[in-house]
Amino acid sequence: ADDRWIGGETVVVQVGDQLDRGDDEREILHWLEDLAEEARAAGGAVYPLLGNHETMNVELDLRYVTAGGYMDFADVAHDADDPFYAEYPDSEKGRVAAFRPGGPYALLLARHPIALVVGDTAFVHGGLLPEHAAYGLDTINAETNAWMRGLGDRPSLLSGDNSPVWSRHYSSGPDEADCALLFETLEALDVARMVVAHTVHKEGITTACDGLVWRVDVGLAAYYGGPTQVLLIEGETLSVLP
């Protein structure tokens, strides 16, 4: 009730898109960081993943930012003499400074992975394909995080319909071919299932491909007004709360 960790050794994975879902983004980001610290102290963990809206903000693709989203970061300092900011209105420069590669909030996001395996479950915002498994999740995470820190180029795999943060192969009406891709990916990663987001299902958490994928984006943000649900994984037992 007071926004503190009470989960003990529970592991929580938030599957991306903390940004561009209305106002109060700065508070949300800091709360997740605080919660992660409290969880670690208790023997648990909180892992916020990078969704396409986190990568978009670091790319400075700000088309989904609300007026409040600009105001939230207006006090982030920037060099007024830096020509980089010349093309941006004054009202946007704080957010640009916050999220450009190497900026303070890009550095915060750089601590978060694109994809994560916990136990026998793979978590990702969009979806993982066999090519991602072959490339290596650690490599994908490292290259993305280096770019966000301002230490490398933006990884090309962050673009396109097959990107781990953009793919809807499994979240939007997967067909037989999509399910075959999923099965191949799970075998390559040696996991039992994948949990994805990206496509909003306001009817609640759903599963597809004979239970090999779980779609957990229910529009939880107030911006969407979806139900409050989470997927609980306890050993081989999966259930939806509440």
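**Exercise 1. Find the disulfide in this predicted model and work out its handedness.**

Step 1: Count first. There's one disulfide here, meaning a pair of cysteine sulfur atoms within 2.5 Å.

Step 2: Pick out the partners. They are C179 and C209, with sulfur atoms 2.0 Å apart.

Step 3: Check the torsion about the S-S bond. For C179 and C209 it is about -80°, so the disulfide is left-handed.

Step 4: See what gets linked. C179 sits in helix α8, while C209 is in the loop between β6 (206-208) and β7 (213-215), so the bond ties together parts 30 residues apart in sequence. Helices (H or I, at least four residues) and strands (E, at least two) are DSSP runs, numbered from the N terminus.

A word on the ground rules: this is a predicted model, where local features need pLDDT of at least 70, side-chain atom pairs count only at pLDDT 80 or more, and totals for chains, interfaces and linings use all residues. Residues are numbered from 1 along each chain as its sequence is written, and side-chain values use heavy atoms, leaving out hydrogens and water.

**Exercise 2. Decide whether C209 and D210 are buried or exposed.**

Step 1: Set the cut-offs. Buried is under 20% relative accessible area, exposed is over 50%, and partly exposed is in between (1.4 Å probe, protein chains only).

Step 2: Apply them. C209 has a relative accessible area of 11%, so C209 is buried. D210 comes in at 84%, so D210 is exposed.

Step 3: Look at the backbone of D210. This residue, in the loop between β6 and β7, has a positive phi of about 55° although it isn't a glycine.

**Exercise 3. Track down D3 and the cis peptide bond, and say where they lie.**

Step 1: Recall the background. Most residues other than glycine have a negative phi, and most peptide bonds are trans.

Step 2: Take D3. Its phi is positive, about 65°, and D3 is found in the segment before β1 (11-14). At 53% relative accessibility, D3 counts as exposed.

Step 3: Take the bond from L241 to P242. This one is cis, with omega near -5°, and P242 is in the segment after β9 (237-241).

**Exercise 4. Map the largest nonpolar core around L109.**

Step 1: Define the core: buried Ala, Val, Leu, Ile, Met, Phe, Trp, Tyr and Cys residues joined through side-chain atoms within 4.5 Å.

Step 2: Find its hubs. Of its 45 residues, F99, Y105, L109, L128 and M194 touch the most other members.

Step 3: List elements. Those giving two or more residues include α4 (90-99), α5 (104-109) and α8 (176-189).

Step 4: Zoom in. Contacts of L109 (heavy atoms within 4.5 Å) include L19, L50, F99 and M148, not counting residues up to four places away in sequence.
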